[in-house]
Amino acid sequence: MFADRYVRDGSWRSKGPIPLGRSVGGKTMGVLGLGGIGRAIADRGGAFRMRVIYSGPRRKPEAPYEYVPDVADLARQSDYLLVACKGGSETRHLVSAAVIDALGPTGTLVNVARGSVVDEPALIAALADSRLGYAALDVFESEPNPSPALLQLPNVIVQPHQGSATVETRTAIGQLMIDNLSAHFARKPLLTPLG
């Protein structure tokens, strides 16, 4: 998006080449919540030659990634902290001011989970004070009305909550529901049981 605006607003012509970016290769991605979405993103990080570490309520023996039980320690070791855990009272503000500060001034927070998982006022303060480098968010504490203070920050990328907004994904969600109903009525084990 930055590069697109750089061309459209004439900055390329007036300011010259775009500033250098950073490669993700060789960096560390910390994944908070290694469920289906977190695991899929972790695997993609591995494909970019990233070191992938994760945290969650328990170690996943089948995961090929290092488990870091403490969220602040996960952030401290990460260049990119990807939040993909479930929302709700158990995870409210799990990404606290201390976790954000542990990620640090060159770190990037990516939240694709729920807005409630991140302490948004602490996030805004850290971004404004350069205690956190960047954030990429498609969820907010107050959807669909993100904080105006958040929207004023140049080191934030915002998107409407659209994580599953593809034809393929929504079709797969519908098919999974049909498959679960079929299994239920055939008295077979559910593909995705709750609890």
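This report describes the fold, the sheet, the nonpolar cores and a surface patch of a predicted model.

## Overall fold

The chain has 195 residues, of which 36% are buried. Its secondary structure consists of 8 helices and 7 strands. The C-alpha trace spans about 65 × 35 × 35 Å along its principal axes.

Among contacts with a separation of 6 or more, 52% join residues 24 or more positions apart. The exposed area of the chain is about 11900 Å², and 59% of it comes from carbon and sulfur atoms.

## The sheet

The 7 strands of an open sheet run in the order β3-β2-β1-β4-β5-β6-β7, and their pairing is parallel. The edges are formed by β3 (66-67) and β7 (156-158); each has a single partner strand, so one side of each has no neighbour in the sheet.

At the β7 end, β6 and β7 are joined in the parallel sense over 3 bridges. One residue pair here is A136 with I157, the latter being its bridge partner in β7.

## The largest nonpolar core

The largest nonpolar core contains 31 residues, and V95, L109, L123 and L150 have the most contacts inside it. Two or more residues each are contributed by α4 (71-77), β4 (80-83), α5 (97-103), α6 (120-128) and β6 (134-137). Of these, α6 supplies the largest share, 5 residues.

Beyond its neighbours within four places in sequence, L123 is in contact with I100, L109, V118, L132, A135, L137 and L150. Two of these partners, L109 and L150, are also named among the residues with the most contacts inside the core.

Another core, of 12 residues, lies apart from the largest one; M50, Y54, Y65 and Y67 are among its members.

## Helix α6

The buried residues of α6 are E120, A122, L123, I124, A126 and L127. They pack against two helices, α5 and α7 (148-151), and against the strands β5 (108-111), β6 and β7. After α6 comes S130, which has a positive phi, near 60 degrees.

## A nonpolar surface patch

In soluble globular proteins, nonpolar side chains tend to be buried together. Some nonpolar residues of this chain lie on the surface instead: M177, I178, L181 and F185 make a nonpolar patch of about 440 Å².

F185 belongs to helix α8, which covers residues 167-185. F185 counts as exposed because its relative accessible area is 65%, and the cut-off for exposed is over 50%.

Key: Residues numbered from 1 in each chain as written. Predicted model: local features only at pLDDT ≥ 70, side-chain atom pairs only at ≥ 80, totals over all residues. Heavy atoms only, no water. Core = buried A, V, L, I, M, F, W, Y, C linked by side-chain atoms within 4.5 Å. Buried < 20%, exposed > 50% of the residue type's maximum accessible area, 1.4 Å probe, protein only. Helix = DSSP H or I, 4+ residues; strand = E, 2+ residues; numbered from the N terminus. Contact = heavy atoms within 4.5 Å. Patch = residues over 30% accessible without salt bridge, like charges linked within 9 Å, V, L, I, M, F, W, Y side chains within 5 Å. Areas by Shrake-Rupley, 256 points an atom, 1.4 Å probe, with all protein chains shown as cover. Salt bridge = Lys/Arg side-chain N within 4 Å of Asp/Glu carboxyl O. Pairing = 2+ DSSP bridges.
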